[in-house]
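Got the model open in your viewer? Here's a short tour of what to select, stop by stop.

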Amino acid sequence: MNDVDKRVRESLDAVTMPDEFKQQTLTYIYKVSEQDASADTGSKKQGATHESPIRRRPFIMRSLVRAIAACLVLTVLGVTGWNLYYTETAFVDIELNPSLEIGLNRFDRVISERPLNKDAEEVLQSVTLQGKSYDKAMTDLTEDPVFLGYITEDASIEVSISGENEQQTQTLLAQSNHHVSNLPCSGSAHHVSDELYDEARNAGMGVARYAAAKQLMELDSQMTLEQCQSLSMRELRERIYALDPDASLAFSGKGEEGGRHGSGHSQSGTKRRGH
Amino acid sequence: MRAHIDIEQAIDRYGNTVFRVCVLYFSTQADVQDAFQDTFLKYSLKEDYFTDENHKKAWLIRVATNICKDMLKKAHRKHVPLEEKLVASIKDESAQNDSSHMELIEAMKSLPPQMRDAVYLSVYEGFSAQEIADMSDVPVNTVYSWISRGKERLREMLS
C-alpha cells in the first residue's frame with residue numbers, strides 16, 4: 001500500500017457519523033411516512049389495491065372474475081351493498097412455503113387473493129378462492145394438488161389472521177385451526193395485531209415469516225431482512241431456536257407471550273414436531 | 001416503506017459510509033445531515049430488494065453522491081473548510097493525527113468531484129474500477145484515469 005492510500009484510509013477511518021444522526025434520521029423518516037399516510041385517501045383495508053413485489057395474476061383474469069361476481073352481487077345488494085361487499089374487513093396470511101394473502105369481507109367471503117411469493121402464484125393459478133366462503137376456500141386450497149405438493153413431513157404451515165371485528169377473527173381462527181389440523185404437517189393459526197400486519201406488508205412478506213425474521217434479526221444482528229426472505233419458515237425457526245432454545249415465536253408484536261389469543265392451535269394438541 | 005428494523009440496520013451498517021460521502025461534499029453539519037437523511041429516506045421508500053449487501057452498499061453510495069451533487073447545484077456552494085461541528089466528528093487519539101486527517105480530508109474535498117469519488121471508492125471502499133465505472137456510467141478507462149490523477153494530485157498537495 002503506498003503512502004497516499006494509507007493516509008486516505010487512516011483519515012477516513014477517523015470519520016464517523018455523530019451518535020445523534022441515527023435517531024434524528026429515523027425520526028425524520030417516520031415523520032415523512034406519517035405525513036404521506038395521512039395524505040393518502042385510501043388504504044388497502046378499504047379495498048384499494050396494494051402493489052406487491054410479486055407479479056399479480058393477469059389483469060384480464062382478475063377483472064373478469066370481479067366483473068362476474070360484481071354482476072351477481074349488484075342485482076341483490078345495490079350500490080351501498082356493493083361497497084359493503086367489497087370492503088375487506090379481515091386478512092388471512094397462509095404461509096407454508098407458498099405464501100399468500102386472502103382478503104375477506106364482513107360476510108367471511110374471499111374478495112381478494114394475493115400471492116406473496118412465486119410459489120403462491122402457481123398455487124393461485126391452480127385454485128380460485130375468490131368469491132367463496134372462507135371455509136370453502138380453505139377446503140379447496142388444502143385439497144388442491146399444487147398446494148399439497150408443498151406439504152412435506154417436515155413442513156410447517158402458519159395462518160395469521162388480522163381483522164377489525166373480534167367475532168369475525170374468532171370465527172376465522174376456529175375455521176383455520178380446523179383446516180390446519182387436517183393437514184399432514186405441523187402448523188398453527190394466530191390472531192395478529194394490525195401493526196404487525198402492516199409492517200409485514202411493507203416488507204413484502206407474510207406475517208408469520210416477517211415476525212420470525214424480525215425475531216431472528218433481533219437475536220443475530222448480522223442477519224438482514226433480505227437474507228431472512230430467502231429462508232423457509234422451517235429454516236427461520238431452526239436458526240431462532242439455535243440462538244435461543246427457549247424462544248417462542250411471537251406473532252402479534254405484543255411481546256413474548258405470543259399475542260392476544262396465543263397460538264390457537266398449539267395449545268390444544270399441536271402437531272409441531274422437533275420443538 | 002421498508003420495515004423499521006430494516007432501516008435501522010441499514011443506518012447501523014452503512015451510516016458511516018454515507019456520512020463519509022457527505023462529508024467529502026459539504027462543510028457544514030446541517031448540509032451533511034440533510035444529505036444523510038435524504039439518502040436513508042430514499043432507501044426507506046425503495047420497494048425493490050437488493051441482490052446482496054454489496055449491491056445495497058453501492059446503491060446507497062450512488063444515491064448519497066447524487067443527492068450531494070444536486071444540493072451543490074441548487075445552492076452553488078463553493079469549497080470551504082469544514083466547520084467545527086464536523087471537525088468534532090473526526091476523532092483520533094491524538095491531536096497531531098487530527099490535523100493530519102483534516103489535511104487529507106480538505107485535500108480530497110478540493111479534488112474535482114468525479115476524481116474524488118473515484119479515489120474514495122477505490123482506495124477506501126475497495127470497489128474495482130469496473131464497479132466504479134458501472135456506478136458512474138462511464139468507461140472503465142476513465143475511472144482508471146480519475147484514480148491515478150486523483151492520487152497524483154493528493155500526493156502533490158500533501159507533500
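Start by selecting A:Ala247, which sits in the segment after helix H11 (233-243) of chain A. Keep in mind that this is a predicted model. Is A:Ala247 buried or exposed? Its relative accessibility is 10%, and the cut-off for buried is under 20%, so A:Ala247 counts as buried. Now show what surrounds it: leaving out residues up to four places away in sequence, A:Ala247 touches A:Gln215, A:Ile240 and A:Tyr241. While you're there, draw a distance to A:Arg237. That residue is 10 positions from A:Ala247 in sequence, and the C-alpha atoms lie 9.4 Å apart.

Next, go to helix H1 of chain A, residues 3-13. Color A:Val4, A:Asp5, A:Val8, A:Ser11 and A:Leu12, which are buried. Then turn the view until you look down the axis of H1(A): the buried residues fall within an arc of 145 degrees, so they line one face of the helix.

Now bring chain B into view and select the contact between the chains. How many residues does each chain put in? Chain A gives 41 and chain B gives 48. Together the two chains bury about 4,200 Å², with 61% of that on carbon and sulfur atoms. On the chain A side, pick out A:Arg7, A:Leu12 and A:Phe21: these lose the most area to chain B, together 15% of what that side buries.

For the polar side of things, zoom in on B:Lys56 and A:Glu226. Their side chains meet in a salt bridge, 3.2 Å from N to O. Across the whole interface, the rule finds 5 salt bridges, and 17 residue pairs are in polar contact. Which parts of chain A supply the surface that touches chain B? H1, helix H2 (20-39), helix H9 (207-219) and helix H10 (225-229) each supply at least two residues. H2(A) has the largest share, with 11 residues. Color that side of chain A by residue type and you get 19 nonpolar, 12 polar and 10 charged residues.

Last stop: hide chain A and look at chain B alone. You'll find 8 helices and 0 strands, so to trace the chain from the N terminus on, just follow α-α-α-α-α-α-α-α. Of the 159 residues in chain B, 53% are buried. Finally, turn on the contacts within chain B: among those with a separation of 6 or more, 70% join residues 24 or more positions apart.

Notes
Residues are numbered from 1 along each chain as its sequence is written. Chains are lettered from A and ligands numbered from 1 in the order in which they are written. This is a predicted model: local features need pLDDT of at least 70, side-chain atom pairs count only at pLDDT 80 or more; totals for chains, interfaces and linings use all residues. Side-chain values use heavy atoms; hydrogens and water are left out. Buried means under 20% relative accessible area, exposed over 50%, partly exposed in between (1.4 Å probe, protein chains only). Helices (H or I, at least four residues) and strands (E, at least two) are DSSP runs, numbered from the N terminus. The arc is that of the directions from the helix axis to the C-beta atoms. Contact means heavy atoms within 4.5 Å. Buried area is the accessible area (1.4 Å probe) that two parts lose on being put together, summed over both. A salt bridge is a side-chain nitrogen of Lys or Arg within 4 Å of a carboxyl oxygen of Asp or Glu. A polar contact is a pair of N or O atoms within 3.5 Å; within protein, one must be able to donate a hydrogen and the other to accept it, and residues adjacent in sequence count only if both atoms are side-chain atoms. Ala, Val, Leu, Ile, Met, Phe, Trp, Tyr, Cys and Pro count as nonpolar, Asp, Glu, Lys and Arg as charged, and the others, Gly among them, as polar.
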